[in-house]
Amino acid sequence: MPVERVRALRAAFDATVKDPAFLAEAKRQDLEVRPVSGVEADALLKEVLCTPPAIVKLAVDYMKD
């Protein structure tokens, strides 16, 4: 994805989670808003995607029980 688009999407997300109308609607629906930055989300996704297949299988098997 082009860097400019990533910046625009992150800026839009950051603005949304600070928007009073968005926060009021989340509160009305009893939703907790605890956003993380785009950099933090990217790092988390990279970590999750690097999880060894054996660990993923253990987690899947555990959730089946």
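The following legends describe views of a predicted model of the protein.

**Figure 1. Overall fold of the protein, with four helices and zero strands.** From the N terminus on, the order of elements is α-α-α-α. The C-alpha trace spans about 45 × 35 × 15 Å along its principal axes. The radius of gyration is 17 Å, whereas a compact globule of 65 residues would have a value near 11 Å.

**Figure 2. Surface and charges of the protein.** The accessible surface comes to about 6,000 Å², and carbon and sulfur atoms account for 64% of that area. Of the 65 residues, 5% are buried. The protein carries 10 positive and 11 negative charges, and the mean positions of these two sets lie 3 Å apart.

**Figure 3. Helix α4, residues 53–64.** This helix comprises twelve residues, and the distance from its first C-alpha to its last is 17 Å. That span is close to the 16 Å expected at 1.5 Å a residue. Helix α4 is hardly covered, with a count of zero buried residues among its twelve. In an α-helix there are 3.6 residues a turn, so residues three or four places apart point the same way.

**Figure 4. Asp30 in the loop between α2 and α3.** The loop that holds Asp30 lies between α2 (20–28) and α3 (38–49). Phi of Asp30 is near 60°, a positive value in a residue other than glycine. Most residues other than glycine have a negative phi. Asp30 has a relative accessibility of 71% and therefore counts as exposed, the cut-off for that class being over 50%.

Note on methods. Residues are numbered from 1 along each chain as its sequence is written. This is a predicted model: local features need pLDDT of at least 70, side-chain atom pairs count only at pLDDT 80 or more; totals for chains, interfaces and linings use all residues. Side-chain values use heavy atoms; hydrogens and water are left out. Helices (H or I, at least four residues) and strands (E, at least two) are DSSP runs, numbered from the N terminus. The expected span of a helix is 1.5 Å times one less than its number of residues. Buried means under 20% relative accessible area, exposed over 50%, partly exposed in between (1.4 Å probe, protein chains only). The radius of gyration is taken over C-alpha atoms; the globule rule is 2.2 Å times the number of residues to the power 0.38. Accessible areas come from the Shrake-Rupley method with a 1.4 Å probe; for residues, only the protein chains shown count as cover. Lys and Arg count as positive and Asp and Glu as negative; His and the chain ends are not counted. The place of a charge is taken as NZ of Lys, CZ of Arg, CG of Asp or CD of Glu.
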